[in-house]
Each structure stands twice: as C-alpha cells, then as structure tokens.
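Biologist: Could you take me through this model, with the criteria behind each statement?

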Amino acid sequence: MTQFDFGTLKSRYTSFLSRRDAAKELVKFWDNPPGPGVIELAGGMPNAGFFPIDSIDLHVVSHPFEKNHGKNGLKVHMDKQEPKDMPLSMSLQYTNTEGMGPLVSFAKKMIERINPPAYGGWNVCMANGSSDAMYKVFEVLCDEDSTVMLEEFTFSPVISNIKLQGASVVPVKMQLSADPEQQGIDVDRLADLLDNWSVGPYKHLNKPKALYTVATGQNPTGMTLSPTKRRRIYEIAQKHDFLIVEDDPYGYLFFPPYNPKEPMNNAYWDDKSLTVQKYVDDYLVKSFLTIDTDARVIRLETFSKLYAPGLRLSFVVANEFLIERIFNMSEVTTRAPSGVSQALVYGVVKEMGKKYSSESEPSLDSMVTGWMEWPMKVAGYYTHRRNVAFKALYETEGYSKGLYQVMEPSAGMFIDLKPCWPQNELSRPDHYDLIIEKMDKLNQTLLKTGVQVVLGYRMAVDVKASKDTCDFVRITIAYANDDQQIVEACHRIGKGFEAYFSHI
Ligand SMILES: Cc1ncc(COP(=O)(O)O)c(C=O)c1O
C-alpha cells in the first residue's frame with residue numbers, strides 16, 4: 001500500500017484546486033494552545049460556568065419506532081465532566097474546526113473498519129451535513145472553466161452547488177436496470193465520452209476535474225454501482241485524471257433481494273446469525289475508497305439518514321492535502337459543526353460501544369461495532385417498508401393492467417415508478433418532446449388521488465439529454481408513519497395511474 005506524505009499529495013493535487021482556493025491564505029490572530037503554566041487570556045471563550053446547561057440526559061431507543069420512550073434502551077448522561085474525553089464543558093465551547101478529537105477518531109475508525117482506503121495519508125474532517133461538505137468540496141475544486149460530471153439524475157442541490165462556482169455540469173448516462181451488475185453509470189458510455197471528448201457534445205468545455213456520484217442507493221434512482229463497475233470507473237478516472245466525489249448517505253441502508261413469492265421476507269429480521277460483521281462484510285457495498293490507490297477519492301458520509309438530519313453533522317474522507325483545503329474552507333465559513341450535535345453523537349456511540357467492551361471506557365473498535373448495530377436495525381426497518389411498498393404497488397389494479405413499472409431500488413429510501421406508455425403514445429414522433437407536459441399532468445392526477453411525488457425530470461442534470469428516460473416519479477418510504485400509510489399511498493398511486501391513463 002502506498003503511503004503518501006503531505007508534500008507528495010500537495011504537488012500531485014494542487015492542480016485540482018480552484019484558483020480562488022489556491023490563492024486563499026488563512027489569517028490566524030492567535031497561536032495554538034499555551035503550554036502548561038500559561039494563563040489563557042487569548043481566545044474570546046466564555047468560561048464553562050457561563051453555560052446555562054449543567055447536564056443532558058438522553059434516553060436512547062433500542063430499535064426504531066420503539067414506543068416506550070426509550071425505557072428499554074440506553075441512558076446517556078453528559079455533564080461538564082462527563083464523558084471524560086468530551087464533556088459538555090468542551091462540546092458547548094468553541095471547538096476544533098475539523099471536529100472534536102474523540103469524534104474524529106471514531107469516524108476514522110469507522111472508515112478503517114468498513115471502507116479502508118487503499119493508500120496511506122488520508123484524513124477526516126467533520127462538516128455540517130453532506131450538503132455543507134459538497135459546497136465546500138466544489139468551492140475548493142471549481143472555477144468558471146471547470147467541468148464536473150454527474151449521474152444524469154441526481155440530488156439536484158449539488159447541481160446548484162457546482163453552478164454557483166460558475167462551473168459546468170455534464171450528465172453521465174445511467175442504466176436504470178434491475179440487474180445488480182448493470183445498474184447505475186453506463187461505464188461504456190462514460191469511457192466513450194471521455195475518450196472522444198474533443199469531438200463530443202461537450203467539446204467546448206474543459207475535460208472534467210471530477211465525477212460526483214451517489215454510488216449506492218442513488219438518489220433518485222435507487223441504483224447501486226457494482227464492485228466491477230466501480231473498478232472500471234476508477235480505471236477511467238486514472239486514465240483521464242479526474243477526482244471521484246462519492247456522496248454516500250444511503251450506503252448503510254442496503255436491501256437484500258426482494259422475493260415476490262415471500263414478499264415479507266426480510267433477511268435483517270429472519271437471519272438469526274446476523275452480526276454487525278456479517279452486515280458489514282456481506283450486505284454493504286465497498287466504497288470507492290477501498291480501491292483508491294492514488295488518493296483521488298473524496299467520500300462524504302452523513303449522520304442525517306442514520307441518526308437525525310437536524311444534527312447537521314457529517315464527515316469527509318480524502319487525502320490529507322484535500323482535507324486541509326476543506327478544513328481551510330470551514331475556517332473561513334462555518335467553523336466547527338455544532339458541538340451539541342457532536343456531543344449527542346459521541347455520547348451515544350460511546351454508550352453503544354459498552355455492549356462490546358469489558359472496560360468502562362470502550363475502545364474505538366467497540367464503539368464502531370456498537371454504533372453499526374443501529375444502521376443495521378434502521379436498514380431492517382427500511383427493508384420491511386420496501387417489502388410493504390412493493391407488495392402494495394404490485395397488487396394494484398393499475399399494476400395488473402400494466403400501467404406502470406417499479407424500478408426496484410437496491411438501497412436507500414426511494415422507489416421510482418415508470419409509466420408504461422400505450423403504443424399509440426410511443427409511436428407519436430413528438431412523444432418525448434412532450435414528456436414534461438405529460439409528467440406534469442400525471443403529477444396533477446396523482447396529487448388529486450392524494451399522493452405527492454417527485455418528478456424524475458426535475459432531478460435531471462439536463463432534461464433534454466435525458467428526455468427519453470426522465471419519465472419516472474420518485475416516492476419515498478422514509479416518511480410514512482406506519483405500514484398502513486405506505487399501503488394506502490401505494491394503492492392511491494395505482495388509482496392515480498388508472499385515472500391518468502383513462503384520460504390520455
Ligand atoms: C445524495 C444526497 N446527498 C446529500 C444529502 C443531504 O445530506 P445532509 O443532510 O447530510 O446534508 C441528501 C439528502 O437528501 C442526498 O440524497
């Protein structure tokens with residue numbers, strides 16, 4: 001494994017920085033912590049005695065949707081002395097911009113255990129959610145003449161993030177397939193696009209600096225790139241020298257295959273031998289980091305979908321040089337993520353770690369194992385909801401009449417539905433030119449039947465380039481109160497499709 005030192009990374013990756021970033025200098029008005037015996041008179045930090053909160057007690061549920069207010073679950077007590085390595089007197093104080101030491105160490109251990117990078121010389125920086133992290137990443141990388149590739153359908157705010165820098169976005173064709181080997185970025189077309197850049201549709205743009213990908217449980221399509229595709233994409237990145245920005249909010253929410261004959265089978269619940277290690281080894285798809293021999297991958301992880309979005313807490317993993325640039329960006333913008341959020345996460349993972357430790361101070365390893373039980377449980381509940389939704393969608397009249405297809409996702413919280421256009425519509429030469437009007441009408445009909453969905457075309461990087469594949473609607477299984485509401489919503493969808501097709 002190559003161990004990169006900072007200097008090598010700096011000379012290798014400086015050319016990827018935006019001109020703004022390369023010119024940015026930090027002005028620091030005081031020096032690092034004084035030595036022992038020196039009285040701190042420098043920083044404008046209120047003494048912890050000024051904080052109105054003395055302690056926080058958390059009641060943690062033992063599984064999602066537990067009804068008894070966490071009575072069976074863990075109790076976490078935090079005060080100005082506890083936990084010793086990250087007490088409230090520290091986390092309610094101004095804290096390190098890169099994140100508080102113990103939590104950063106926890107995040108590093110998570111990466112080492114689950115997705116170890118294939119090189120030495122990487123680092124972690126906490127951020128205020130992946131939305132914040134991606135803003136910082138593209139601010140660090142992009143100028144007006146930069147180009148970034150994205151999956152043709154994507155988490156749309158990232159498009160705005162890139163365009164905010166004046167940079168250009170280029171959609172990469174996807175295969176919207178149920179076959180796990182086929183799903184996601186069309187690798188042949190990606191290779192072709194880059195090999196023939198100078199004569200292709202984007203020849204007026206510079207060759208891309210980066211590919212942004214939601215590689216697992218993609219938003220909005222639910223597709224996951226297979227390990228083989230990941231390796232091929234990495235080779236293409238090496239050949240054409242671009243960075244891979246892997247945004248992975250859904251990777252821990254992986255679905256076992258759906259069995260239409262036994263729709264409620266749920267490996268997370270049925271497999272009595274399931275352990276955290278088995279979940280990590282057999283269920284989860286490995287990050288691009290694990291094949292990153294060149295230090296060219298920037299991975300974004302977030303606590304939003306696994307713990308709570310209101311924390312606004314996430315972390316970035318990349319080579320030490322790029323992490324330093326992202327850190328600098330935080331120094332001049334957000335500074336550290338909320339100390340309260342960091343305390344809520346660290347206090348809980350530490351308590352969870354005690355189950356796997358004989359010591360009162362659990363090791364980082366035990367904390368990672370203890371914490372990973374939670375995403376594993378969350379994934380079990382999402383799998384159950386996926387089952388409930390599929391069963392309900394497949395039992396509607398609308399589905400039996402062949403009015404829509406279900407694009408089965410492999411992870412995450414979204415299911416996409418594709419209208420099956422009748423032959424007379426498909427044979428109209430202007431069918432796909434009118435696709436937005438048609439999808440808007442479908443949306444209105446679905447709203448009338450009482451469901452709100454997201455239209456695929458509104459998550460397209462370039463609607464024109466994706467006009468013949470953007471005719472899907474995205475629904476989420478995440479927000480419903482219970483199974484009954486999911487079933488009701490799916491039945492309404494069936495009725496909505498029937499109503500729509502009876503009028504076209
Ligand atoms: C692909 C993707 N990235 C990032 C986010 C936002 O994450 P965060 O809450 O950490 O900002 C979302 C949320 O919907 C998402 O789908």
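The exchange below covers domains, the ligand shell and a pair of helices.

Modeller: This is a predicted model, in which local features need pLDDT of at least 70 and side-chain atom pairs count only at pLDDT 80 or more, while totals for chains, interfaces and linings use all residues. Residues are numbered from 1 along each chain as its sequence is written.

Biologist: What distance separates the centres of domain 2 and domain 3?

Modeller: The bounds, which come from an automatic or database domain assignment, place domain 2 at 47-93 and domain 3 at 380-502, with domain 1 at 2-29 + 102-337. Taken over C-alpha atoms, the centres of domain 2 and domain 3 are separated by 42 Å.

Biologist: Which charged residue belongs to the shell around the ligand?

Modeller: The shell holds residues whose C-beta atom, placed from the backbone, lies within 6 Å of the ligand, and among them are Gly129, Phe155, Asn219 and Pro309. With Ala, Val, Leu, Ile, Met, Phe, Trp, Tyr, Cys and Pro as nonpolar, Asp, Glu, Lys and Arg as charged and the others, Gly among them, as polar, the shell divides into four nonpolar, seven polar and one charged. The charged residue is Asp247.

Biologist: How are helix α1 and helix α11 oriented to one another?

Modeller: Helices here are DSSP runs (H or I, at least four residues), numbered from the N terminus, and axes are lines fitted to C-alpha atoms over the stretch in contact, with angles from 0 to 180 degrees between N-to-C directions. The axes of α1 (residues 6-13) and α11 (residues 320-332) come within 8 Å and cross at roughly 75 degrees. Since angles of 65 to 115 degrees count as such, α1 is therefore, relative to α11, roughly perpendicular.

Notes:
Helix = DSSP H or I, 4+ residues; strand = E, 2+ residues; numbered from the N terminus. Parallel < 35°, antiparallel > 145°, perpendicular 65-115°, else oblique.
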